[in-house]
Amino acid sequence: MRSLFKEVIYTRFYARIFILLSSFCSALFGLFGPFFQKEYVDRLTGVQGKISVLAHFPPETSPLWLILSAFFCILVAQAFIQMTNYLGTREALVLQRIFAERLYKKTLNMQVDTMSHRPVGEIVSLYATDVQGATVFLDQTLPAGASTLFPLLLAPFAISLLFEIPIWPTVLIMSLMTALNTLMGLRQSKFFYQFKQLAAERIGLVNEWIQNIRTLRILGWTQYFEKNIFEKREIETKNRVQMVTNGQVMNSLSSSVTFILNIIALGTLVIYSKNKITGGELFALLWIVGVFLTRPFRQMPWFFTFAFDSWTSLQRLEKYFAIENNQTIKELAEEKTTTQPTPDERYALQVRGLNLMISNRQILKNINLDVLHGEFVAIVGEVGSGKSMLLLSLLKETGAQFDFYHIGAIDAQTLTADKVRENFAYVPQEGFIMSASLRENVALLYDIDPDRDPMIEESLKLAQFDLSTERVGKGLQTEIGERGVNLSGGQRQRVSLARVHLHQAPILLLDDCLSAVDVDTEQKLFDQLLIGAWENRTRLLVTHRLSALSRVDRIVFMENGQIIAQGSFEELLARNEKFREYTTTVAQVKIDQEVIRG
Ligand SMILES: Nc1ncnc2c1ncn2[C@@H]1O[C@H](COP(=O)(O)OP(=O)(O)O)[C@@H](O)[C@H]1O
Ligand SMILES: [Mg+2]
């Protein structure tokens, strides 16, 4: 993988060069200022400095011009500083957009297998802190670094030139200060890193808390859970206190540096200068050490802090980007146990050698499955046998591997996940409801044209969702989901079925979508939808309802991630011991439930 740091440097490289140039110009003009100041003061006091390289100004130059020139130089220097900052900020924003977009795509493509190990909140914190953090290189580190580096490099030369004194005392003291600042900056960035890490963990916890708050309260677990958050907060606060303290020490150190430098520079001047010092020279020297170098020294520790801080954000992003979407297991791919079928027009789906590994566990084992156009297939098996994972794998949502996967005449392995999904309608186990109106929920569109209401109503009717009896007072307008009417499990499933009916996808994947409806409604759904209106659609239905099994074309029986038998209900009952056992358990569970309900 390309290192993100390289991208920070090389994306729009010319702009990085501009930042450096602009910063260099700022330093240069900043140092021209004192030369004119020196001349100005010397003119006023009538003393002619002998040693300056600029001592040979035409004598008729008015002092006013000299001071205006000094002023102009300093103004230009400031303008270049502003320009540097502006360019840095702009470049940071450009890169943020690039990183954020990549993060978005990555998150969107995360599949069940990898998703399971990352709390949503932590991913949110990548957006919230690390995208900005990563580009701190551009809006802070690079401009701050350049406007620290150039003055520090140029100043000793300027001082040495102006006063003909040796360069080493100034360089020595600057190097010492730089070393000290580096250490403080390193320490600070450690606090920064922890700050981000802790914040990410806390956001993860808070997110989990918000999502489960009702259940937590009912279970009486609220206090214990909140204790986690408080503890995290306490560690965070301690870290923050240390961070602020260290930061202040850094600040006061770097602002007192100029005093020390002043003394050293003046001392050197007194000791080494062979000539009498003029007022102008003294003024220029004080300007360089006392004013010109203040900013670089103040910035230096922050330069290091931001550099390290940015580095950690880059690492965090890089780690996230590096997560493999498809946990492909090479050995599995090589041992092809299946012969490749020839694509056959009669089939809506042809699958050979579907394998799925999650965290070194084989969830689906060598699944082979053909489904005819318009066929109605039931998928049954114990909880955890892989039924849901099979449906999700067909949707390319799990990173499963296929030896062969055709949807109709098309090789689905060459299709993107989006293209694959265009062929399917899917109902997840719990149904799916958004915070929106009933109309929008069925249409899966906001602000949908009321012309389509009759079709939506028809879909709801077929899905046995009767607007007059379901306590949705405002009909299709009724807000449902988190901000509106809280639907029961059965209602959610029926709204999801209405949605499937409205959308004309050829293949339907229905994950246990009848589990929460009563027997009566189930019969009606079967008659009117599943073998009624959907007669010609290809249907895969995961179910635990025995009553459903005699009404489908074929049953696929799964155990431990494998298909262990297929056939009609009668065939399987007659042929397969395990299937008989399975039906007895299911029937027993049902009787038990009915006894409990009374
Ligand atoms: N996101 C996930 N990460 C890891 N393992 C999973 C994940 N989802 C399901 N599994 C595992 O995959 C297996 C099959 O699950 P699933 O297909 O949901 O079973 P079911 O037949 O009840 O629908 C189970 O053993 C389950 O623990
Ligand atoms: Mg399931």
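In the predicted model, Arg 298 touches Ser 254 and Ser 255, when residues up to four places away in sequence are not counted. Arg 298 belongs to helix H11, which spans residues 294-322. The residue is partly exposed, its relative accessible area being 40%. Between Arg 298 and Trp 311, 13 residues apart in sequence, the C-alpha to C-alpha separation amounts to 21 Å.

The surroundings of ligand 1 comprise 13 residues, of which Arg 361, Gly 384, Lys 387, Ser 388 and Met 389 come nearest. Polar contacts to oxygen atoms of the ligand were found for several of these residues. For Arg 361, an N or O atom of the side chain is placed 2.7 Å from an oxygen atom of ligand 1. In the case of Gly 384, the contact is made by a backbone N or O atom, again with an oxygen atom of ligand 1 and at 2.7 Å. Ser 388 contributes a polar side-chain atom, located 2.7 Å from an oxygen atom of the ligand. Ligand 1 exposes 560 Å² when taken alone, and 71% of that area is buried by the protein. Strand E2 (361-372) and helix H13 are the elements that supply two or more residues to the shell; the largest share, three residues, is that of H13. By residue class, the shell consists of five nonpolar, five polar and three charged residues.

Ser 388 also takes part in the magnesium site. The protein donors of the magnesium ion (ligand 2) are OG of Ser 388 and OE1 of Gln 429, at 2.0 to 2.8 Å from the ion. These two donors join distant parts of the chain, 41 residues apart: Ser 388 is in helix H13 (residues 387-394), whereas Gln 429 is in the loop between strand E6 (424-427) and strand E7 (436-437). Ser 388 is partly exposed, with a relative accessible area of 23%, and Gln 429 is likewise partly exposed, at 35%.

A further glutamine, Gln 350, is located in strand E1 (residues 347-358). With a relative accessible area of 2%, Gln 350 falls under the 20% limit and is therefore classed as buried. Its side chain reaches the backbone nitrogen of Asp 344 at a distance of 3.2 Å. Leaving aside residues up to four places away in sequence, Gln 350 touches Pro 341, Thr 342, Pro 343 and Asp 344, together with Leu 369, Asp 370, Phe 404, Tyr 405 and His 406.

Conventions. Residues are numbered from 1 along each chain as its sequence is written. Chains are lettered from A and ligands numbered from 1 in the order in which they are written. This is a predicted model: local features need pLDDT of at least 70, side-chain atom pairs count only at pLDDT 80 or more; totals for chains, interfaces and linings use all residues. Side-chain values use heavy atoms; hydrogens and water are left out. Helices (H or I, at least four residues) and strands (E, at least two) are DSSP runs, numbered from the N terminus. Buried means under 20% relative accessible area, exposed over 50%, partly exposed in between (1.4 Å probe, protein chains only). A polar contact is a pair of N or O atoms within 3.5 Å; within protein, one must be able to donate a hydrogen and the other to accept it, and residues adjacent in sequence count only if both atoms are side-chain atoms. Contact means heavy atoms within 4.5 Å. Donors are N, O and S atoms within 2.8 Å of the metal (3.2 Å for Na, K and Ca); water is not among the atoms, so sites may look incomplete. A residue is near a molecule or strand if one of its heavy atoms lies within 4 Å of it. Accessible areas come from the Shrake-Rupley method with a 1.4 Å probe; for residues, only the protein chains shown count as cover. Ala, Val, Leu, Ile, Met, Phe, Trp, Tyr, Cys and Pro count as nonpolar, Asp, Glu, Lys and Arg as charged, and the others, Gly among them, as polar.
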